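Me: I'd like to learn how to read a helix bundle from its contacts and its burial. Can you walk me through this one?

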Amino acid sequence: GMEWSIPFDTTIFVKDSISEVYTTLWQAALLVFLVIFIFLQDWRASLVPGATIPVSLIGTFAVMAALGFSVNLTTLFGLVLAIGIVVDDAIVVVENTSRHIENGMEARQAAILAMEEVTGPVIATTLVLLAVFVPTAFLPGITGQLYRQFGLTISAATVFSSINALTLAPALCAILLRKPTPPDQRNAFFRAFNRAFEVGERGYASILRVVLRRSALTMLAFVGVSLFGV
């Protein structure tokens, strides 16, 4: 005849939170792919960095399992942030390959030449990101326990994205990329986007020139005061 009840169940909040993070994960992947497509304006080129997302995430889940990490709010939050990071290297490879194709090269030769030019920068950017996130694994105390899974999750995704950019991305570029459609022959949306982007680019360049000119004058004035006291 005994009855029992749970007055406060924290698992409901945790389950709902993880469900929301999963939703955010898919939304982030979709938004990243959409931004890539709008700027590259070629569905073939968009597939290359788009393929980086599942490859990097699957590899990261394997590393999480090897390290004994669970799928929790901390690791899922790290994966959400990693989605925007893992596509950067692949985008560099795609843009450089597309540039050579526009100059008249075949896709395979363009991919080879592009990798000769960007292999060093891809490795360098990966090392810089690892220098930011890996030290969080060595924080002491409870703070370290919270940040360890977060930092190592992003670090693993970054390493896999770099491997992908050095191996899978150039291979996909050689297979998928074709000479792009000239900008004046694209659809109305892309033509309007390109015009708006060019206006914004010129405005940004103008502001940057003014800022740099004033910074140079300020630096000269500072040097004059320091050297001559005037």
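Me: Let's start with a helix pair. At what angle do H3 and H6 pack?

Reply: For a pair like this, look at the angle and at the distance between the axes. Keep in mind that this is a predicted model. Here H3 and H6 pack at about 35°, and their axes are 9 Å apart. The crossing of the two is right-handed.

Me: Which residues make the contact of H3 and H6?

Reply: On the H3 side you'll find Ala-90, Val-93, Val-94 and Thr-97, while H6 brings Ala-169, Pro-170 and Cys-173. Sorted by class, that contact has 6 nonpolar residues, 1 polar residue and no charged ones.

Me: How should I think about a nonpolar contact like that?

Reply: The general idea goes like this: in soluble globular proteins, nonpolar side chains tend to be buried together. Now for the case in hand. The largest nonpolar core has 36 residues, and the members that touch the most others are Ile-53, Ile-83, Val-87, Val-93 and Cys-173. Val-93 and Cys-173 also turn up in the contact of H3 with H6.

Me: Which elements give two or more residues to this core?

Reply: Those are H1 (10-40), H2 (43-67), H3 (73-102), H4 (107-133), H5 (141-166) and H6 (168-176). H3 supplies the largest share, 12 residues.

Me: Take one of those core members. What does Ile-53 touch, leaving out residues up to four places away in sequence?

Reply: Ile-53 touches Ala-29, Val-32, Ile-83, Val-86 and Val-87. Two of these names, Ile-83 and Val-87, are on the list of members with the most core neighbours.

Me: Ile-53 takes us to H2. How do I read the length of H2, and what span is expected?

Reply: Compare the end-to-end distance with the expected one. H2 has 25 residues and reaches 37 Å from first C-alpha to last, close to the 36 Å expected at 1.5 Å a residue.

Me: Which residues of H2 are buried, and what covers them?

Reply: The buried set is Ala-45, Ser-46, Val-48, Pro-49, Gly-50, Thr-52, Ile-53, Ser-56, Leu-57, Gly-59, Thr-60 and Met-64. Their cover includes H1, H3, H5 and H6.

Me: Now the other side of burial. Is Leu-212 buried or exposed?

Reply: Read the relative accessible area against the cut-offs: under 20% is buried, over 50% is exposed, and in between is partly exposed. Leu-212 sits in H7 (residues 188-228). Its relative accessible area is 54%, so Leu-212 is exposed. Leu-212 and Leu-129 are 83 residues apart in sequence and 28 Å apart in space, C-alpha to C-alpha.

Me: And why does Leu-166 count as partly exposed?

Reply: Leu-166 counts as partly exposed because its relative accessibility is 30%. Leu-166 belongs to H5, and setting aside residues up to four places away in sequence, Leu-166 touches Met-115, Thr-119, Val-122 and Ile-123.

Me: Can we try the same reading on Leu-81? Which helix holds Leu-81, and what does Leu-81 touch?

Reply: Leu-81 lies in H3. With a relative accessible area of 36%, Leu-81 is partly exposed. Beyond residues up to four places away in sequence, Leu-81 touches Phe-150 and Ile-154.

Me: One last case. How does Ala-124 come out on accessibility?

Reply: Ala-124, in H4, has 38% relative accessibility, so Ala-124 counts as partly exposed. The C-alpha atoms of Ala-124 and Phe-138 are separated by 22 Å, with their positions 14 residues apart along the chain.

Technical notes
Residues are numbered from 1 along each chain as its sequence is written. This is a predicted model: local features need pLDDT of at least 70, side-chain atom pairs count only at pLDDT 80 or more; totals for chains, interfaces and linings use all residues. Side-chain values use heavy atoms; hydrogens and water are left out. A nonpolar core is a set of buried Ala, Val, Leu, Ile, Met, Phe, Trp, Tyr and Cys residues joined through side-chain atoms within 4.5 Å. Buried means under 20% relative accessible area, exposed over 50%, partly exposed in between (1.4 Å probe, protein chains only). Helices (H or I, at least four residues) and strands (E, at least two) are DSSP runs, numbered from the N terminus. Contact means heavy atoms within 4.5 Å. Axes are lines fitted to C-alpha atoms, for helices over the stretch in contact, and angles run from 0 to 180 degrees between N-to-C directions. A crossing is left-handed if the near helix is turned anticlockwise from the far one by less than a right angle, and right-handed if clockwise. Ala, Val, Leu, Ile, Met, Phe, Trp, Tyr, Cys and Pro count as nonpolar, Asp, Glu, Lys and Arg as charged, and the others, Gly among them, as polar. The expected span of a helix is 1.5 Å times one less than its number of residues.
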